[in-house]
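Here's a quick briefing to read with the model open next to you. Take the topics in any order you like.

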Amino acid sequence: MKKNMLYAALLAAAIYTTGCSKSDNNPDPGPGTNPPPSGETIEVSGTLTGNVKWTKNNTYLLRGYVYVENGATLDIEPGTKIVAKRDLLSVLVVYMGGKINAIGTPTEPIVFTSGESNPQPGDLGGLVLVGKATGNGNHAVMEGGIDKNGGKFGGDNDADNSGTLKYVRIEYAGKAVSPGNELNGLTLYTVGSGTTIDYVQVVRGVDDAFEFFGGAVNCKHLIAYNNGDDDFDLDDGYHGKIQFAVSIKDPQFTDQKPDSDLSNNFEVDNTNGKDAPPFMKQPNTRPVLSNFTAIGPNNATGTKDVYGYGMRWRRGSQFVLANSIVIGGQKGGLIIEDAPTATYYQDAAKSRFYNSLLHAVTNPFLVLNAPTFSNDALKTLTTGSYLSVSLDAAADAGLTDPFNNKTPNLQPKSGTKPLTMAAKFDMPDLNTFFEKVTYLGAFDGTNDWTKDWTVWNK
């Protein structure tokens with residue numbers, strides 16, 4: 001690591017500090033005022049206050065838990081790299097009242113990654129945003145050893161703004177601090193709709209790719225690629241909207257938890273299951289989602305036994321998933337896992353898997369723990385009133401090369417169902433946030449919004 005007297009002086013001046021505690025009334029001038037020398041690897045630890053800027057000519061090495069404090073703003077230039085080493089659990093936490101503006105470009109994405117020569121999942125703890133929006137209190141404190149203010153989070157401002165993530169990659173993240181106490185690629189605790197999250201890829205993480213604990217943040221263009229556990233884990237009263245998203249599973253990689261904790265494309269809960277049914281904590285988890293393409297392992301050679309479902313809706317969750325393609329689920333495709341979730345699904349105003357395509361290796365339609373709602377009833381409702389189509393084979397989805405994990409091509413072929421079925425946005429929930437495209441899934445057959453800023457074959 002490079003060191004010089006000027007950088008040491010800057011450390012002493014607390015522009016980059018360990019345990020910085022500057023007052024919001026006397027904000028840190030940040031490197032825009034007196035920048036560090038070009039080309040340095042700069043260690044960052046403790047608390048960031050005031051206005052801080054990270055520039056692409058330097059590499060930023062996280063050391064331990066780094067907190068963007070209440071009232072602080074972290075600006076990150078396009079092309080900047082932020083790294084972590086596996087000798088120390090390192091996490092960037094943007095706490096309530098703090099902001100991050102990590103705004104890359106397609107040709108200069110901002111990358112959070114491993115600093116090791118042989119990178120492995122878990123080298124980076126992850127990126128965590130904490131907001132003041134509403135949740136249902138299912139988790140009293142944040143997971144993963146985050147101890148800011150005792151790990152408390154949440155509030156009553158659904159429009160809260162934690163900043164912007166745009167053209168950002170998060171690689172080799174996640175960590176199980178203890179059983180059931182984990183860090184993910186991008187974790188969002190009660191983040192508000194004033195926050196912008198668009199074009200974010202999470203690659204080869206140990207645990208979940210994206211986990212939402214409550215909040216109302218809306219997102220577009222999310223990619224979960226080769227992560228060990230769930231790709232979209234939505235809990236604790238999350239009630240935001242997401243459009244254009246991808247989930248791709250590596251059949252030979254999971255986080256190897258016990259069989260009871262399966263790896264899924266979607267896992268959605270209202271509570272953690274310790275409450276007895278009907279899991280009624282409010283606000284109810286109810287994401288509204290459209291134009292997803294979710295690719296399971298599809299019984300490929302070497303598929304791990306802990307691979308589960310394309311969609312796991314349970315513990316009293318509600319949802320809308322529309323205009324999407326979910327194929328290759330191992331143990332099931334669409335699973336409704338308890339009676340309260342089944343009751344919601346039978347009410348079209350609360351839950352629907354709508355106008356979409358579904359395939360699974362086994363059990364495309366599966367109901368558990370709901371005696372009055374059968375697998376056949378689930379299929380009839382989904383393929384009838386909810387206008388979705390059950391596919392006999394994954395190839396019937398018409399995607400170009402979805403199971404080529406090294407270089408997946410999720411574009412639909414000309415004349416296939418994603419392009420001919422016609423997307424529908426006639427539900428009240430599919431409102432002005434959603435772009436009224438004509439196709440199913442994340443891609444239109446021509447334009448590739450993943451170009452340049454993403455990586456594959458990792």
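Let's start with Asn447, whose side chain makes a polar contact with the side chain of Asp444 at 2.7 Å. Keep in mind that this is a predicted model. Below you'll find the rest of Asn447's story, then three other residues, a set of paired strands and a cavity.

**Asn447, towards the end of the listed elements**
- You'll find Asn447 in the segment after α4 (417-420).
- Asn447 has a relative accessible area of 49%, so it counts as partly exposed, the cut-off for exposed being over 50%.
- Asn447 and Gln411 are 36 residues apart along the chain, yet 8.5 Å separates their C-alpha atoms.

**Asn138, a buried polar side chain**
- Asn138 sits in the loop between β9 (126-130) and β10 (163-171).
- Is Asn138 buried or exposed? Its relative accessible area is 8%, and buried means under 20%, so Asn138 is buried.
- The Asn138 side chain has a polar contact with the side chain of Asp236 at 2.7 Å, and another with the side chain of His139 at 3.3 Å.
- If you leave aside neighbours within four places in sequence, the residues in contact with Asn138 are Asp236, Asn270, Thr271, Asn272 and Lys281.
- Asp236 therefore turns up twice for this buried residue: as a polar contact partner of the Asn138 side chain, and in the list of contacts from further along the sequence.

**Ser351, with no accessible area**
- Look for Ser351 in the loop between α2 (339-345) and β25 (352-354).
- Ser351 comes out at 0% relative accessibility, so it counts as buried.
- What does the side chain of Ser351 reach at 3.0 Å? That would be the backbone nitrogen of Phe319.
- Setting aside neighbours within four places in sequence, Ser351 is in contact with Ser317, Gln318 and Phe319, and also with Tyr344, Tyr345 and Tyr386.

**Gly39, between a helix and a strand**
- Gly39 is found in the loop between α1 (5-12) and β1 (41-48).
- With a relative accessible area of 33%, Gly39 falls between the 20% and 50% cut-offs, so it is partly exposed.
- Gly39 and Gly50 are 11 residues apart along the chain, and their C-alpha atoms are separated by 23 Å.

**Parallel strands: β2, β4 and β7**
- Strand β2 (residues 51-54) runs parallel to strand β4 (residues 73-76), and four bridges join them.
- β4 also runs parallel to strand β7 (residues 99-103), again with four bridges.
- You can trace a path through these strands residue by residue: Val52 has Leu74 in β4 as its bridge partner, and Leu74 has Ile100 in β7 as its partner.

**The cavity**
- How many cavities of 30 Å³ or more does a search of the whole structure find? The search finds one.
- The largest cavity has a volume of about 40 Å³.
- Of the 13 residues lining the largest cavity, the closest to its centre are Ser263, Asn265, Pro297, Gly308 and Tyr309.
- Two elements, β21 (309-314) and β23 (325-329), give two or more residues to that lining.
- By class, the lining has nine polar, three nonpolar and one charged residues.

Key: Residues are numbered from 1 along each chain as its sequence is written. This is a predicted model: local features need pLDDT of at least 70, side-chain atom pairs count only at pLDDT 80 or more; totals for chains, interfaces and linings use all residues. Side-chain values use heavy atoms; hydrogens and water are left out. On a 1 Å grid over the protein atoms alone, a cavity is a set of points where a 1.4 Å probe fits but cannot get out, and a pocket is an open set with protein on both sides within 12 Å along at least five of seven lines; lining residues have an atom within 4 Å of a point. Grid points are joined across faces, edges and corners, and a volume is the space filled by probe spheres set on the points. Ala, Val, Leu, Ile, Met, Phe, Trp, Tyr, Cys and Pro count as nonpolar, Asp, Glu, Lys and Arg as charged, and the others, Gly among them, as polar. Two strands pair if DSSP finds at least two bridges between them. Buried means under 20% relative accessible area, exposed over 50%, partly exposed in between (1.4 Å probe, protein chains only). A polar contact is a pair of N or O atoms within 3.5 Å; within protein, one must be able to donate a hydrogen and the other to accept it, and residues adjacent in sequence count only if both atoms are side-chain atoms. Contact means heavy atoms within 4.5 Å.
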